[in-house]
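Trainee: I'd like to learn how to read a protein model. Could you walk me through it, one feature at a time?

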Amino acid sequence: APAQIAVTGLAVMGRNLARNLARNGFRVAVHNRSQGRTDALIEEFGHEGEFTAAADLPALVESLETPRKIIIMVKAGEPTDAVIDELVPLLDEGDIVVDAGNAHFADTRRREDALKAKGLHFVGAGVSGGEEGALNGPSIMPGGSTFAYAALEPMLTKIAAHVNGESCCVHVGPDGAGHFVKMLHNGIEYADMQLIAEAYDLLRHVLGLSAPEIADVFRDWNSGDLESFLIEITAEVLSQVDESTGGPFVDVVLDQAEQKGTGRWTVQVALDLGIPVSGMAEAVFARSLSGDVVRREAAAGVLPGPAGKVSVDRDAFIEDVRHALYSSKLVAYAQGFDAIRAASEQYGWNIDLGAMATIWRGGCIIRARFLDRIKEAYDRDANLPSLLVDDYFKEAVANGQEAWRRVVGVAAAAGVPAPGFSASLSYYDGLRAERLPAALIQGLRDLFGAHTYHRVDREGAFHLDWSGDRKEHDA
Ligand code: NDP
């Protein structure tokens with residue numbers, strides 16, 4: 001029988017996705033630009049299911065039932081375009097091309113447009129969970145037409161992770177919606193990791209705890225509201241002992257965080273949408289600062305820090321940091337969902353926000369217990385203006401905010417950088433403020449640039465004749 005689906009690009013992700021499909025009983029055709037990877041897959045894992053090895057793209061296309069469904073899992077960017085260009089002339093109207101790589105959603109929109117003009121369906125599908133997820137159940141965020149999704153749904157929902165019997169694959173929306181949500185997932189992942197790193201740094205430098213002691217703290221936190229994959233693996237990394245030195249593994253790792261760019265994309269896109277994603281932005285900047293060796297070397301030991309030591313009660317401070325971490329994390333998600341909502345409005349995607357939290361409950365890097373709370377929040381009110389004003393979130397932050405403020409204060413006094421905690425707290429305070437100093441900014445803008453202002457008590461735009469009689473005029 002012809003294959004039901006094809007995968008081209010058999011590096012770690014493509015290979016594991018193909019195996020996942022085969023293990024779930026689907027007939028999979030496989031192809032890779034260099035034949036070696038295809039041969040290796042068949043040799044090592046061919047027994048796991050029904051594979052058809054194709055030597056080139058024409059053979060791959062030939063092996064499929066129609067309408068054809070082909071998953072591209074190659075390096076994002078130009079390689080994806082190269083594969084699409086080679087594939088398209090081989091396809092028939094109605095065939096479905098899936099890009100499961102980490103594409104920028106703008107590229108996905110462009111590709112969807114181009115293929116639609118040729119009568120083909122293009123599905124940009126975000127896939128999260130790394131190589132392990134791809135094999136055992138990733139979180140899948142497919143975009144594209146309803147028709148294309150309906151054709152893929154039985155396969156995608158089956159190979160995705162499942163939580164409480166629900167698949168972590170939901171149709172996100174048209175064209176670039178899936179890759180947009182995947183990008184936001186990565187942005188939130190950046191923020192989450194930065195906040196975890198700040199919590200670790202504070203426990204280490206304010207309390208003087210050792211890495212294994214902090215591992216125990218995280219293990220303990222993982223049994224409460226913070227329960228998540230990232231908290232769990234933080235305990236694992238912090239307990240790891242380096243073989244050559246016998247000390248903590250974390251102490252021998254160079255402290256320069258790298259990035260592949262999806263966090264940066266998130267922040268760039270949010271700037272364009274006009275949505276503050278300060279938690280994610282600080283996370284991206286903190287990674288950039290960590291890698292800025294020239295300036296760090298020029299400043300380390302040269303720029304003065306606080307004179308005295310800050311002393312705090314150990315157990316109380318640990319509990320305070322837990323609250324700061326959770327509250328800041330809630331802000332990161334609230335900001336992330338604001339960005340999704342704004343993009344959904346701008347591009348007409350009609351994204352079901354609660355369903356997005358469902359997709360992330362399993363399979364992906366940010367999987368966490370508290371994602372159920374997001375789903376519940378949008379079930380209570382689909383038009384929730386901000387996650388932070390939902391009852392659950394409001395109460396969680398209300399319980400934690402005093403602690404959060406103490407932690408940001410201690411961090412400043414102790415000279416430990418906590419950009420994620422403090423930016424999130426500032427966002428929270430900005431959001432809840434009844435009056436913001438933006439009024440003064442408007443005044444300044446009107447004085448130097450005649451940019452006009454609005455009044456609290458009357459409709460219309462006004463301008464003050466600053467250099468003349470200082471009287472107000474209608475603008
Ligand atoms: P890589 O991103 O390392 O890409 C390698 C694959 O791309 C190989 O199969 C390679 O073929 C193929 N390739 C590169 N250039 C071309 C080209 N011009 N024409 C045809 N094929 C080409 O592989 P990964 O498996 O790590 O990732 C695949 C995709 O999944 C990427 O878009 C990545 O961003 C995304 N992703 C990765 C995750 C991860 O944890 N690694 C997680 C989620 C998504 P060849 O063997 O011939 O060189």
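Mentor: Sure. Keep in mind that this is a predicted model. Let's begin with the largest nonpolar core, which has 92 residues.

Trainee: Which residues touch the most other members of that core?

Mentor: F218 and W360 do. As for where the core comes from, helix 14 (residues 314-347) supplies the largest share, 16 residues. There's also a second, separate core of 32 residues, and L41, A100, I140 and C169 are among its members.

Trainee: What is W360 in contact with, leaving aside its neighbours within four places in sequence?

Mentor: Quite a list: S139, M141, V181, H185, I188, Y333, F337, I340, I366, R367, A368 and L371.

Trainee: Next, helices. How do I describe two that pack together?

Mentor: You give the angle between their axes and the distance between the axes. Here, try helix 8 (residues 177-205) and helix 11: the angle is about 110 degrees, and the axes are 8 Å apart.

Trainee: Are helix 8 and helix 11 roughly parallel or roughly perpendicular to each other?

Mentor: Angles of 65 to 115 degrees count as roughly perpendicular, so that's the word for helix 8 and helix 11. On the helix 8 side, the contact is made by F180, M183, L184, N186, G187 and Y190. Helix 11 brings T262, G263, W265, T266, V269 and L273.

Trainee: And sheets? How do strands hold on to each other?

Mentor: Strands of a sheet pair through backbone hydrogen bonds, and the pairing can be parallel or antiparallel. In this model, look at an open sheet of three strands: the order is 10-11-12, and the pairing is antiparallel.

Trainee: Which strands are the edge strands?

Mentor: Strand 10 (453-454) and strand 12 (472-474), since each pairs on one side only. Strand 11 (residues 461-464) pairs with strand 12 over three bridges. Look for F462, which stands opposite D474 in strand 12.

Trainee: Now a loop residue, please. Where does V253 lie?

Mentor: You'll find V253 in the loop between helix 10 (229-239) and helix 11 (262-273).

Trainee: Why does V253 count as partly exposed?

Mentor: Partly exposed runs between the buried cut-off, under 20%, and the exposed one, over 50%. V253 has 42% relative accessibility, so it falls in that middle class.

Trainee: Last one: what does the UniProt record say about residues 178-467?

Mentor: The unreviewed entry annotates them as "domain: 6-phosphogluconate dehydrogenase C-terminal". Over that stretch the chain is 63% helix and 2% strand, with the end C-alpha atoms 53 Å apart.

Methods:
Residues numbered from 1 in each chain as written. Predicted model: local features only at pLDDT ≥ 70, side-chain atom pairs only at ≥ 80, totals over all residues. Heavy atoms only, no water. Pairing = 2+ DSSP bridges. Helix = DSSP H or I, 4+ residues; strand = E, 2+ residues; numbered from the N terminus. Buried < 20%, exposed > 50% of the residue type's maximum accessible area, 1.4 Å probe, protein only. UniProt positions renumbered as here; feature names shortened; annotations may be inferred. Core = buried A, V, L, I, M, F, W, Y, C linked by side-chain atoms within 4.5 Å. Contact = heavy atoms within 4.5 Å. Axes fitted to C-alpha atoms, helices over the stretch in contact; angles between N-to-C directions. Parallel < 35°, antiparallel > 145°, perpendicular 65-115°, else oblique.
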